[in-house]
Amino acid sequence: MEVVNVGLGERSYSIYMGKGLLPECGNRIKNIKTGKKIVVITNPAVNKLYGDTLKNSLTGAGFIVNFVEIPDGEEYKTINTAVKIYDRLIDIKMERESPLIALSGGVTGDITGFVAATYLRGVPYIQIPTTLLAQVDSSIGGKTAVNHPRGKNLIGAFYQPKAVFIDIDTLRTLPKEEILCGIAEIIKYGIIRDRDFFEYLEDNIKKLINLNEDILIHSIKRSCEIKADVVSKDERETDLRAILNFGHTIGHAIESLTNYKKYRHGEAVAIGMVYAARLSLESGFCSNKDYDRVVNLINAAGLPTAISGLNTNAVIDSLYLDKKVKEEKIRFILMNGIGSTEIYSDISHELIRKVLSH
Ligand SMILES: NC(=O)c1ccc[n+]([C@@H]2O[C@H](COP(=O)([O-])OP(=O)(O)OC[C@H]3O[C@@H](n4cnc5c(N)ncnc54)[C@H](O)[C@@H]3O)[C@@H](O)[C@H]2O)c1
């Protein structure tokens, strides 16, 4: 088992990762000082696959366990779903010390974190991410949220989990397209922070797609280390943490303009990363060679690298709705060559248009 620590003073926690962690996580959770009652929040599909294993592990460790199912899908990451969870927590008489566990992908993780941040003004929660995207990204760092009809993740809180358990065995049942979405985020970490890791991914991308265990563990661990390092330096995204949004600014606009239906989050991020790399190239921040390497790796991973027929004005309008807009200026994360980034607010609409229609 590998462990990565997220250093945040008294809110620090560990990310445990490896094979076979789910059946044995009950005893580890017992070591985190919490109440005896636990509520697991999950969806029907994941509950069917892994609910019993988790339940046995928790009851074996002496916990009293209840499961709350929420419907599967981004369209249910809403305040209405949160209210239904509050209702159940009140029925079950969950108390301040009673932890919630999120078992599934980022949708469940984000909403569970949001409910944990707000129910009784804050109860502990634990992340057990079962998608690759959630394992390398959404389960770490304490960004919790629900969507608003006018924008993604507009309602939320920064609220850190008590622990994260990543069992790579759960990825065996994850559809290939979902694996690729996680790989998009893994590639992002190489681009923004670690040139050697990017090279490692270039050498091993096929094995990673095929879930080679050594490559998978190394890639998840390195991604978690990079995210943990950035989050511990800038928990509330006053500055540095924004680099984690590389590719997300345009990615979010693409998701929103296609009504969250055409592309999965990771696919939209993959396209967004290509546009961000192109903006970096056109602004003189990176070489043609580095730009090509980014496009080639995303392509080799089987992820989309372009979108046709985008209404560029609508994209620009949508960019202004992003939470990262500061003083009416869109902040772009550009790459300073592979492995390093720059936060930049002075990109002209003309250049954005040029890059979007490339
Ligand atoms: N909080 C953050 O920092 C952060 C970061 C990135 C993304 N996000 C959010 O994460 C969400 C996307 O998360 P996601 O990509 O995990 O999507 P998801 O939670 O919708 O999961 C994708 C699908 O995989 C299924 N699934 C989950 N685990 C499975 C398994 N082991 N086997 C088979 N099927 C399984 C789910 O039921 C679902 O249908 C978005 O809402 C996004 O905004 C949050």
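# Exercises on the ligand site and the voids

A polar side-chain atom of Asn43 sits 3.0 Å from an oxygen atom of the ligand. The model is predicted, with local features needing pLDDT of at least 70 and side-chain atom pairs counting only at pLDDT 80 or more, while totals for chains, interfaces and linings use all residues. Residues are numbered from 1 along each chain as its sequence is written, and side-chain values use heavy atoms, with hydrogens and water left out.

**Exercise 1.** Find which polar side-chain atom lies 2.8 Å from an oxygen atom of the ligand, and which polar backbone atom is 2.9 Å from a nitrogen atom of the ligand.

*Solution.*
- A polar contact is a pair of N or O atoms within 3.5 Å.
- The side-chain atom belongs to Asp72.
- The backbone atom belongs to Thr170.
- As for cover, the protein hides 88% of the 870 Å² of accessible area that the ligand has on its own (Shrake-Rupley method, 1.4 Å probe).

**Exercise 2.** Describe the shell around the ligand and state where the ligand lies relative to domain 1 and domain 2.

*Solution.*
- Count the residues with a heavy atom within 4 Å: 26 surround the ligand, and the closest are Glu74, Gly106, Thr130, Thr131 and Thr173.
- Sort them by class: six are nonpolar, 11 polar and nine charged. Ala, Val, Leu, Ile, Met, Phe, Trp, Tyr, Cys and Pro count as nonpolar, Asp, Glu, Lys and Arg as charged, and the others, Gly among them, as polar.
- Assign them to elements, which are DSSP runs (helices H or I, at least four residues; strands E, at least two) numbered from the N terminus. At least two shell residues come from each of α2 (44-60), α4 (106-118), α5 (132-138) and β8 (151-158).
- Domain 1 (2-173) and domain 2 (177-356) both contribute to the shell, so the ligand lies between them. The bounds come from an automatic or database domain assignment.

**Exercise 3.** Give the volume of the largest cavity and identify the element with the largest share of its lining.

*Solution.*
- On a 1 Å grid over the protein atoms alone, a cavity is a set of points where a 1.4 Å probe fits but cannot get out; lining residues have an atom within 4 Å of a point.
- A volume is the space filled by probe spheres set on the points, which are joined across faces, edges and corners. The largest cavity has about 40 Å³.
- Its lining consists of Asn245, Gly247, His248, Thr249, Ile250, Gly272, Ala276, Phe332 and Ile333.
- The largest share, three residues, comes from α9.
- By class, the lining has four nonpolar, five polar and no charged residues.

Key
Polar contact = N/O pair within 3.5 Å; in protein donor to acceptor, adjacent residues only side chain to side chain. 1 Å grid on protein atoms, 1.4 Å probe; cavity = no way out; pocket = protein on both sides within 12 Å on 5 of 7 lines; lining within 4 Å.
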